[in-house]
Amino acid sequence: MYKQLLEKISARTSKIGIMGQGYVGLPLSVELSKKGFGITGFEVDEYKVKMINSGQSYVGDVSADDIKELVSNKQFNATADFENLSEMDVVIICVPTPLRKSKNPDVSYIIEASKSIKKTLRKGQLIILESTTYPGTTDELVLPMLEDTGLNVSVDFFLAFSPERIDPSNKKFGIKDTPKVVGGLCKKCTELAAAVYSSFTKVHKVSSTQAAEMVKLLENTFRAVNIALVNEVALMCDKLGLNVWEIIEAAATKPFGFMPFYPGPGIGGHCIPSDPHYLSWKLKTLNFYSRFIELAGELNSKMPEYVVAKVADALNSKAKALKNSKVLVFGAAYKKDIADIRESPAIDVMNLLLEKGVRVSYYDPYVPVVQNCSCRWALSSIKNLVGLNKYDVAVVVTDHTNIDYKKVLKESNIIVDARNAFKNTKSNKIVRI
Ligand SMILES: NC(=O)c1ccc[n+]([C@@H]2O[C@H](COP(=O)([O-])OP(=O)(O)OC[C@H]3O[C@@H](n4cnc5c(N)ncnc54)[C@H](O)[C@@H]3O)[C@@H](O)[C@H]2O)c1
């Protein structure tokens, strides 16, 4: 069975089902279909199914032309009918793994996806989990559900974990330029999963599913902790009257032993704010308290308050108060050049300003509307940059490339720049963090 499946994968005649057609599943579907595999996207959201089947894209990094071509060549289709899962030789799970309000992992989407696979599991299938999760999920959660069918892993079916490392809007390192880490329940499981991914990128094999799960959490914890460190350094530099951006730029000239990270208004997106908590949660079950993760979370989550304090100071310098002032926030997305607002610190900044009685407006060419998570308020992006001088302060929270910063500088009264968008610009209008 192993040999047969390996041959099919190598010949790219195997059918691959990808569960979840979001920021991760859609680009993966497109890449694998381009390599010749027949791809079916299994998706619970009917809107996404319709979009794919009509050749449209809803993910910034995926071109509608690519989808159109692959769909019309019958290389790619999407469905909400999960019965067809049994026809797949390989099933890859790319469903969300959010945090609950308690900051505990919410693996309910993985459980639901596994239930669907369980219903149709047959001999000779390879199942790969890609969703970011705590070490042990594949082995302790997914495997027992699948073996409950009476089929046995490495005998009847194969199971592996391979973390997704996609970085939305990164033009330099796309899905093809980023190696995949693969760890299987058995050696055959690893080899089969490696054969799938080596169709489009380099593969690095590790010894187990737990190791592969841990790799992703190390990567994202590394980022969360280093961003927290540099955010704290920004606060230190503020006290010392130093420009943190100048310090980082100089330190980064060292060709070894230093890697630049940059301060900002806080961390956002689906990964960096939540993934480290998957790790700390797992470790708590083993009576181990991960101090770095907790501290990094605390430092990063305080950054929106720091930005608001900078706005208050800037207004104070003009003998004005926050209450009733007019503030224009640039950027609602969690990072530049994308439309994703999940966990965006821009929303925290807007929320804090609104709580202080500020009349908040925002401008984001990618995000027409925002609302805070409890739906207490909603704002629409201003349509264009006309009349910037009517705002008391402009705050750059997300430094989208397509914002006319020259105009912003010329027409704004005061600018609080949380992203160094005005690098190398000398002006007493600019307050940097
Ligand atoms: N977005 C990123 O940049 C990124 C990067 C690396 C890893 N990840 C990880 O990848 C996973 C997916 O993230 P994403 O950003 O693609 O999420 P997403 O919310 O954009 O997409 C997930 C999709 O899964 C669908 N879905 C939910 N339950 C389903 C089910 N039972 N069957 C089929 N489809 C189902 C949802 O409708 C949604 O379209 C998460 O674990 C995330 O942490 C994300």
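At what angle do helix 8 and helix 12 pack, and how far apart are their axes? This is a predicted model, and the tour begins by selecting helix 8 together with helix 12, residues 303-316, which pack at an angle of about 25° with their axes 11 Å apart. Because angles under 35 degrees count as roughly parallel, helix 8 is described as roughly parallel to helix 12. Turn the view until one helix lies over the other, and the crossing of helix 8 and helix 12 will be seen as left-handed.

Now show the side chains of this pair. On helix 8, select Asn231, Ala234, Leu235 and Asp238, which meet Met303, Tyr306 and Lys310 of helix 12. By class, the contact of helix 8 with helix 12 has four nonpolar residues, one polar residue and two charged residues.

Keep helix 8, residues 209-240, on display and add helix 6, residues 137-147; the axes of these two helices come within 8 Å and cross at roughly 120°. That angle makes helix 6 oblique to helix 8. To look at the contact itself, select Thr137, Thr138 and Asp139 in helix 6, and then Thr209, Gln210 and Glu213 in helix 8, which they meet. The residues of the contact of helix 6 with helix 8 divide into four polar and two charged, with no nonpolar residue among them.

Next, select helix 1, residues 2-10, and helix 7, residues 187-197, which pack at an angle of about 15° and have their axes 9 Å apart. Helix 1 is therefore roughly parallel to helix 7, and the crossing of helix 1 and helix 7 is left-handed. The side chains to display are those of Tyr2, Leu5, Leu6 and Ile9 on helix 1, together with Lys188, Glu191, Leu192, Ala195 and Val196 on helix 7, since these residues make the contact. Seven residues of the contact of helix 1 with helix 7 are nonpolar and two are charged, whereas none is polar.

The last stop is the ligand. Select the 28 residues that surround the ligand, and then pick out the closest, which are Val24, Glu43, Lys48, Thr97 and Thr132.

Which residues bring a backbone N or O atom to the ligand? For glycine 20, such a backbone atom lies 3.4 Å from a nitrogen atom of the ligand. In tyrosine 23, a backbone N or O atom lies 3.1 Å from an oxygen atom of the ligand, and in valine 95 a backbone N or O atom lies 3.5 Å from an oxygen atom of the ligand.

Definitions and conventions. Residues numbered from 1 in each chain as written. Predicted model: local features only at pLDDT ≥ 70, side-chain atom pairs only at ≥ 80, totals over all residues. Heavy atoms only, no water. Axes fitted to C-alpha atoms, helices over the stretch in contact; angles between N-to-C directions. Helix = DSSP H or I, 4+ residues; strand = E, 2+ residues; numbered from the N terminus. Parallel < 35°, antiparallel > 145°, perpendicular 65-115°, else oblique. Left-handed = near helix turned anticlockwise from the far one by under 90°. Contact = heavy atoms within 4.5 Å. Nonpolar A, V, L, I, M, F, W, Y, C, P; charged D, E, K, R; others polar. Near = heavy atom within 4 Å. Polar contact = N/O pair within 3.5 Å; in protein donor to acceptor, adjacent residues only side chain to side chain.
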